[in-house]
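This report examines how one helix is placed among its neighbours and where charged side chains pair. The sequence and structure are shown below.

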Amino acid sequence: MDKIKFDFFDILGYLIPGTALLLSLWVTADYNIRELSDLYTFISKITANTLLAGVVVAYVMGFTLHFLGSLIFSSVYRKRKKKRDSVTSDLSMYWALVREHGGKHLPILDRWQALKALSSNLAAFSAIAVILAAVKWSCTQKPEWLIFCFVFGGLFFAYLNRAKVFSAYLDDDSYAVFQTLNLKEKLPGNL
């Protein structure tokens, strides 16, 4: 148990989006929550045991949501040519060399990767939240849930755009590390 560690990526990429999805599903399923003012009562009922169990479930949901977030991101931005494509088509070798020789550059690359995952996973969550808000609106006929449909629709595009920006930062910075450290010379076929 002492070897289990949460890192920056786990918290940003999985736990935060998974928590948002878990709470949204819970709010949608709870018939006692008919309007926003009912959320206070809902939150006050959460116990420490529920919170602890929720963290585990949220992490798993975030891990699963990552698949959808990656799928949406790659579907929308698949045509973008990355700088690293000009270096090699062997992506695993590219990253192996960056990890082995990148040293002090790795934390910033990890940060861009985690922020990209957070953004794309929150985009996926927002797409699901549009559906959940529509379901809640159809059950309660309260206009605030319909407004949430539009809010989460807007957030979907905002988060997807942020994922694109962080992906570009990751690509640009990893390419700069690769070029600065002359790692192209270490690729198979260049030795």
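## Orientation of helix 4

In this predicted model, the side of helix 4 opposite its buried residues carries Ser92, Arg99 and Glu100, which are exposed. Helix 4 covers residues 91–101, and its buried residues are Tyr94, Trp95, Leu97 and Val98. Viewed down the axis of helix 4, these buried residues fall within an arc of 160 degrees, so they line one face of the helix. An α-helix has 3.6 residues a turn, so residues three or four places apart point the same way.

## Packing and the end of the helix

The buried residues of helix 4 pack against two other helices: helix 5 (106–140) and helix 6 (143–180). Just after helix 4, Gly103 adopts a positive phi of about 45 degrees.

## The salt bridge

The structure contains 1 salt bridge. It is formed by the side chains of Lys142 and Glu35, at 3.3 Å from N to O. Lys142 belongs to the loop between helix 5 and helix 6, while Glu35 belongs to the loop between helix 1 (8–29) and helix 2 (39–44), so the pair ties together parts that are 107 residues apart in sequence. Side chains of opposite charge can pair when their charged atoms come close.

Are the partners buried, partly exposed or exposed? Lys142 has a relative accessibility of 25% and therefore counts as partly exposed. Glu35 is also partly exposed, with a relative accessible area of 28%. Partly exposed here denotes values between the limits of under 20% for buried and over 50% for exposed.

Notes
Residues numbered from 1 in each chain as written. Predicted model: local features only at pLDDT ≥ 70, side-chain atom pairs only at ≥ 80, totals over all residues. Heavy atoms only, no water. Buried < 20%, exposed > 50% of the residue type's maximum accessible area, 1.4 Å probe, protein only. Helix = DSSP H or I, 4+ residues; strand = E, 2+ residues; numbered from the N terminus. Arc of directions from axis to C-beta. Contact = heavy atoms within 4.5 Å. Salt bridge = Lys/Arg side-chain N within 4 Å of Asp/Glu carboxyl O.
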